[in-house]
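This report looks at two parts of one chain: the surroundings of its ligand and a stretch of strands with a linking helix. The sequence and structure come first.

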Amino acid sequence: MRIAMIGGGYVGLVSGACFAEFGINVAIVETNPERLSALREGRIPIYEPGLDALVASNSQAGRLTFGDDIATAVAGAEAVFIAVGTPPRNGDGAADMQYVHAAARQIAEALTGYAVIVTKSTVPVGSSRRIAEIIRQARPDADFDVASNPEFLREGSAIGDFMRPDRVIIGLDQTRPERASRAEDVLRRVYRPLSVIEAPLLFTGLETAELTKYASNSFLAMKISFINEMADLCETLGADVHDLARGMGLDGRIGRKFLQPGPGYGGSCFPKDTLALSRIAQEAHSACRLVETTVQVNEARKAGMAGRIIAACGGSVAGKTVAVLGLTFKPETDDMRESASIPILHRLAEAGAEIRAYDPVGMVAAKPLLPESVTYCGDALDAAEQADVLVVLTEWNIFRALSPVELRRRMRTKTIVDLRNIFDPAAMRAAGFTYESVGRP
Ligand code: NAI
């Protein structure tokens with residue numbers, strides 16, 4: 001079986017490599033020349049654990065190829081996946097569909113025989129039908145069906161998520177049952193290895209599949225914002241948010257995941273998908289008030305975090321050295337999109353702080369997004385050198401192992417603001433630190 005993957009970013013590259021691992025011949029089309037030449041030279045342009053080995057072995061086996069010629073990739077492909085970006089549109093936060101629509105036009109030109117055009121990108125409801133229209137207009141003779149197959153992998157554990165998913169959602173045009181069953185047959189074959197491990201393949205209509213992705217991400221974002229609000233309340237009332245989260249999460253209806261408080265969610269998905277869902281509802285003359293509120297609560301939280309650091313420094317960071325551990329929006333990724341570190345570091349720099357930052361893999365992606373004055377350090381202890389306050393922004397495991405004694409030796413003033421709760425408050429206080437975390441007494 002042959003398939004094509006349009007877009008070789010986080011989603012296209014991971015899913016393309018995983019499909020190749022299933023034994024499928026996968027041609028990835030990537031238009032960014034730097035990404036493409038890296039991939040062709042066997043370099044992985046993003047940080048994702050395990051991806052380099054997976055790409056190398058499948059490339060060597062000849063099942064995974066990279067190019068910029070869509071015609072070569074699409075010729076003979078039974079399915080063509082679209083995995084290009086859908087960033088927020090300037091102004092209103094709706095998903096910017098220009099890359100998806102451009103990909104649809106290019107696919108139309110390249111189609112040679114029957115193929116299922118599958119949208120993996122996160123797209124607004126109605127997009128699959130719009131893609132079908134674009135292809136039909138460009139190539140009235142083309143034989144194809146469309147499907148919506150939103151991706152649920154998480155950066156940092158993307159390969160495991162793809163290989164052992166909680167579910168695979170496949171939306172088909174159920175108003176045309178015969179066509180839908182032809183497309184279903186192709187996609188069942190694509191995902192056959194997952195049926196073997198009994199991962200649920202859920203077939204729905206196109207609109208339902210598209211909406212399920214936004215609903216899932218918005219629900220998770222809401223859960224994070226909920227625990228963040230509970231953390232604030234815990235601080236005010238002298239309760240402990242970790243015990244509270246455990247007490248809540250042991251209830252199977254609530255679940256333990258996504259109940260860790262922090263500086264506000266970021267990343268390439270939750271901020272844009274919550275905005276886009278709000279927009280989808282508005283355009284349908286409906287409203288998702290919980291989601292709209294989640295967006296506002298999270299924005300306010302990110303904006304307020306610098307104030308918390310400034311307060312911990314006695315009301316001013318002017319002329320003070322702030323050591324920042326972690327810049328990416330979460331550990332195990334180099335993705336800086338919408339990371340809480342961006343507004344926080346800008347605000348600290350504006351307030352006159354001298355910032356010394358360290359992130360294990362995110363510093364290259366961080367540089368264009370952070371204030372120019374930031375000094376990038378060789379490791380966490382280097383960042384802590386002569387610091388007046390140490391701020392933990394991303395919970396990389398390597399930071400958990402830092403020795404309080406060593407930190408104390410390096411820092412000028414012994415203040416820690418741990419926005420990810422990676423340290424034990426009692427241990428840090430015993431080591432002589434003024435220690436602040438989130439939602440803990
Ligand atoms: P990305 O920006 O990392 O990758 C998109 C890639 O597509 C870029 O490398 C770009 O150069 C390429 N591209 C754009 N137009 C092209 C074209 N016409 N032909 C060939 N290549 C083209 O984006 P990412 O993060 O992979 O996201 C893609 C989609 O998947 C988005 O809709 C996103 O919301 C969704 N998604 C992302 C997840 C993530 O964790 N990053 C998880 C689940 C869904």
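## Ligand surroundings

In this predicted model, the ligand is surrounded by 27 residues. The closest of them are Gly7, Gly9, Val11, Ser121 and Thr122. Two elements, α1 (10-21) and α5 (98-110), each give two or more residues to this shell. Helix α5 supplies the largest share, with 4 residues.

What is the make-up of the shell around the ligand by class? It has 12 polar residues, 11 nonpolar residues and 4 charged residues.

## Strand β10 and its neighbours

Strand β10 covers residues 354-358 and is mostly covered, as 4 of its 5 residues are buried. Here, a residue counts as buried if 20 or more other C-beta atoms lie within 10 Å of its own.

Strand β10 pairs with two other strands, β9 and β11. With β9 (residues 321-325) the pairing is parallel and runs over 5 bridges. With β11 (residues 375-376) the strands also run parallel, and 2 bridges join them.

Which residues does Ala357 of β10 meet in these pairings? On the β9 side, Ala357 is the bridge partner of Val324. In β11, the residue opposite Ala357 is Tyr376.

## The crossover

The connection between β9 and β10 involves helix α14 (residues 341-350). Together, β9, α14 and β10 form a β-α-β unit of right-handed sense. The two strands of this unit are the parallel pair joined over 5 bridges.

Terms used
Residues are numbered from 1 along each chain as its sequence is written. This is a predicted model: local features need pLDDT of at least 70, side-chain atom pairs count only at pLDDT 80 or more; totals for chains, interfaces and linings use all residues. A residue is buried if 20 or more other C-beta atoms lie within 10 Å of its own, exposed if 12 or fewer, and partly exposed in between; C-beta atoms are placed from the backbone. Two strands pair if DSSP finds at least two bridges between them. A crossover is right-handed if, with the strands pointing away from the viewer, the path from the first strand over the helix to the second runs clockwise. A residue is near a molecule or strand if its C-beta atom, placed from the backbone, lies within 6 Å of it. Ala, Val, Leu, Ile, Met, Phe, Trp, Tyr, Cys and Pro count as nonpolar, Asp, Glu, Lys and Arg as charged, and the others, Gly among them, as polar.
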